[in-house]
Amino acid sequence: MITEPQLAADKFCWQPNVKILLFTCLMTPLLIGLGFWQLERAAEKRQILSHYTENQQAQPITAAELDDAANLRYRAVWLVGKLDASRRIFLDNRVRNGRPGYEVFELLTVKGYAQKVLVNRGWVQASLDRNQLPAITPVESEVRLSGSLYRVLKGGFQLDDGVGRVTHWPGRVGWMSADRAQQLYAEDIFPYQLRLASDSPGALRTGWPTVAVQPEKHTAYAVQWFVMTAVLLLLTVAANSNLMEWLKQKRQGQNDE
């Protein structure tokens, strides 16, 4: 074992520390995996944004063109029908501008279409009293609604809110999708929900982000994970060798020359 610093700095020496090496061997694959996971997320978000732009630029469709086999996410649509305000569902914990609130869902009976359509009317602020749900003005007559179709992306984790089928109206739930609405309403429902446009009859406070995190941010996160990997490897080499003393002596030798 080398004990004299002068001798240790003459040449590069590897003096392994088992605990540090074990920690590095465990952390390096994890950090690299997180980096590539963020790159995959960035690619997914770019695909979502590209599809959003493509479908938003397409001509609006009508009830006759509703097809659950096609990818209609973000596609503009016009539907004529009647909203059922008697069976309203409030989606809880929807925060906008720091204020707690709900998104309001009702079923639409579409003229000339067998399935019901789940309609997201938009956001309303919550009352200070959690037991008191907001009063929403109903849409009484048959109307022509405009908006865009949306389907919840697969994957992700949903907390169990303990709600099965809603029997007392209005209902309040912790998460919502058109697929789940079939269970809550016990109705045959089209797999996409209709998010109302701001100028549509029945619209509350509308507007939803296409993606919560932009692709560039995921890429930045990936770079951070890769930089952390590089730093970890460098620190591991420094902690298991005389690298710093060796480099210092080489630098001094070059200066003496």
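Six aromatic pairs turn up in this chain, and one of them makes a good way in. The rings of Phe 36 and Phe 226 have centres 5.3 Å apart and planes at 70°, so this pair is edge-to-face. Keep in mind as you look around that the model is predicted.

**The pair that links two helices**

- Phe 36 belongs to helix 2 (residues 18-57) and Phe 226 to helix 4 (residues 215-239), so their pairing ties together parts that are 190 residues apart in sequence.
- Are these two rings hidden away or open to the outside? Phe 36 is partly exposed, with a relative accessible area of 46%, and Phe 226 also counts as partly exposed, at 28% relative accessibility.
- If you wonder how such pairs are described, the two things to look at are the distance of the ring centres and the angle of the planes.

**Other aromatic spots to find**

- Tyr 113, Phe 190 and Tyr 192 form one aromatic cluster.
- Arg 195 sits over the face of Tyr 150, 3.7 Å from the ring centre.
- Trp 175 has Arg 180 over its face, at 4.5 Å from the ring centre.

**The chain as a whole**

- The chain holds five helices and six strands, and reading along the sequence gives the pattern α-α-β-β-β-β-β-α-β-α-α.
- Of its 257 residues, 37% count as buried.
- The accessible surface is about 15,600 Å², and 56% of that belongs to carbon and sulfur atoms.
- Among contacts with a separation of 6 or more, 67% are between residues 24 or more positions apart.

**How the strands pair up**

- Strand 1 (residues 76-96) pairs with strand 2 in the antiparallel sense over ten bridges, and Val 95 stands opposite Pro 100 in strand 2.
- These two strands make a hairpin with two residues between them, and Asn 97 in the turn has a positive phi of about 50°.
- Strand 2 is joined to strand 3 by nine bridges, again in the antiparallel sense; here the partner of Leu 108 is Val 117.
- Strand 2 and strand 3 form a hairpin too, with five residues between them, where Gly 112 in the turn has a positive phi of about 80°.
- Strand 1 also pairs with strand 4 (residues 143-150), antiparallel over six bridges, and one of the matches is Leu 79 with Leu 145.
- On to strand 6 (residues 193-196): four bridges join it to strand 4, and the two run antiparallel, with Tyr 150 partnered by Gln 193.

**What is covered, and what fills the core**

- Nine of the twelve residues of strand 2 are buried, so this strand is largely enclosed by the rest of the structure.
- Strand 4 is mostly covered as well, with seven of its eight residues buried.
- Which residues have the most contacts inside the largest nonpolar core? They are Leu 79, Leu 108, Leu 145 and Leu 194, in a core of 19 residues.
- Strands 1, 2, 3, 4 and 6 each supply at least two residues of this core.
- A second, separate core has twelve residues, among them Ile 89, Phe 105, Val 173 and Ala 181.
- Leu 145 is a nice residue to click on: beyond its neighbours within four places in sequence, its contacts include Val 77, Leu 79, Leu 108, Val 119, Leu 194 and Pro 201.

Methods: Residues numbered from 1 in each chain as written. Predicted model: local features only at pLDDT ≥ 70, side-chain atom pairs only at ≥ 80, totals over all residues. Heavy atoms only, no water. Buried < 20%, exposed > 50% of the residue type's maximum accessible area, 1.4 Å probe, protein only. Pairing = 2+ DSSP bridges. Core = buried A, V, L, I, M, F, W, Y, C linked by side-chain atoms within 4.5 Å. Contact = heavy atoms within 4.5 Å. Areas by Shrake-Rupley, 256 points an atom, 1.4 Å probe, with all protein chains shown as cover. Phe/Tyr/Trp six-rings, centres within 6.5 Å; stacked < 30°, edge-to-face > 60°. Lys NZ or Arg CZ within 6 Å of the ring centre and 35° of its normal.
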